[in-house]
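Trainee: Before we begin, could you show me the structure, so that I can put my questions to it one at a time?

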Amino acid sequence: MPERLQLQVSFEFSASHRLALPGCSDAENHALFGKCSNANGHGHNYRLDVTVATNPSVPNTVATLEAVVDREVMKRLDHKHLNLDCPEFADLNPSVEHIALVCRNLLQAPLATAGLELISVTVWETAKTCATVQAAG
Ligand code: NI
């Protein structure tokens, strides 16, 4: 049996967002999210850590992972306004928790198709704050 291990690759993308619950008024969203609900949004440099299960005999795991993440996440989210440009957040508050969930959902099946088993996705919104989502069972 080959050794099993976890491999993690980090990615960066820049995006803007506005925290707001669909259906809430501007005043209600301001009460909930403060300046994070300012009308025209604000930006973050996000870090995305993707962890997959693999074994050392599989070639090109990093390149395969990079290609899938570029196609499925970077092309959708990098240099976008998440609320306005990304259908994934049309009815979803683009909090770091939801961004992590969206990334997990965008990545899991394409990674499996490419032969990689997703373990987890972590999205860092600041140096202090991140959200981690495990692969769906
Ligand atoms: Ni923010």
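Mentor: Please keep in mind throughout that this is a predicted model.

Trainee: Which elements do the buried residues of α4 pack against?

Mentor: The buried residues of α4 include Val96, Ile99, Ala100 and Val102 towards its beginning, and Pro110 and Leu111 towards its end. Residues three or four places apart in an α-helix point the same way, because there are 3.6 residues a turn. The partners that the buried residues of α4 pack against are β1 (5–17), β2 (42–54), α2 (61–77), α3 (82–85), β4 (117–124) and β5 (130–134).

Trainee: How far apart are the end C-alpha atoms of helix α4, and what span should its 18 residues have?

Mentor: Helix α4 covers residues 96–113, and at 1.5 Å a residue its expected span can be worked out, counting one step less than the number of residues. The expected span and the distance between the end C-alpha atoms agree, both being 26 Å.

Trainee: Where in α4 does a kink lie?

Mentor: The bend is about 30 degrees, and it comes shortly before a proline, Pro110. Pro110 is also among the buried residues of the helix. The residue at which the kink lies is Leu107.

Trainee: Is Ile99 buried or exposed, and what is its relative accessible area?

Mentor: Ile99 is found in helix α4, and, leaving out residues up to four places away in sequence, it touches Phe13, Tyr46, Leu82, Phe89, Pro94 and Val123. A residue is called buried when its relative accessible area is under 20%. Ile99 therefore counts as buried, with a value of 0%.

Trainee: At what angle do the axes of α2 and α4 cross?

Mentor: Two packed helices are described by the distance between their axes and by the angle between them. For α2 and α4 the axes come within 10 Å, and the crossing is right-handed. The contact involves, among others, Leu65, Val68 and Glu72 of α2 together with Cys103 and Leu106 of α4. The angle at which the axes cross is roughly 145 degrees.

Trainee: Which residues does Glu72 contact, apart from its neighbours within four places in sequence?

Mentor: Glu72 lies in helix α2, and at 13% relative accessibility it counts as buried, because the cut-off is under 20%. Once its neighbours in sequence are left aside, Glu72 is in contact with Leu106, Leu107 and Pro110.

Trainee: Which residues are the protein donors of the nickel ion?

Mentor: Along the chain the donors follow the spacing H-x24-H-x1-H. One pair links distant parts of the chain, with His17 in strand β1 and His44 in strand β2, 27 residues apart, and both of these histidines are buried. Lying 2.0 to 2.1 Å from the ion and each using its NE2 atom, the donors are His17, His42 and His44.

Trainee: What is the phi of His79, and is this residue buried or exposed?

Mentor: Most residues other than glycine have a negative phi. His79, found in the loop between α2 and β3 (80–81), has a positive value instead. Because its relative accessibility is 63%, His79 counts as exposed, and its phi is near 60 degrees.

Trainee: Where is Asn60 found, and what is its phi?

Mentor: Asn60 is found in the loop between β2 and α2, and it is exposed, with a relative accessible area of 58%. Its phi is positive although the residue is not glycine, and the value is near 65 degrees.

Methods
Residues are numbered from 1 along each chain as its sequence is written. This is a predicted model: local features need pLDDT of at least 70, side-chain atom pairs count only at pLDDT 80 or more; totals for chains, interfaces and linings use all residues. Side-chain values use heavy atoms; hydrogens and water are left out. Helices (H or I, at least four residues) and strands (E, at least two) are DSSP runs, numbered from the N terminus. The bend at a residue is the angle between axes fitted to the seven residues ending there and the seven starting there. Buried means under 20% relative accessible area, exposed over 50%, partly exposed in between (1.4 Å probe, protein chains only). Contact means heavy atoms within 4.5 Å. Donors are N, O and S atoms within 2.8 Å of the metal (3.2 Å for Na, K and Ca); water is not among the atoms, so sites may look incomplete. Axes are lines fitted to C-alpha atoms, for helices over the stretch in contact, and angles run from 0 to 180 degrees between N-to-C directions. A crossing is left-handed if the near helix is turned anticlockwise from the far one by less than a right angle, and right-handed if clockwise.
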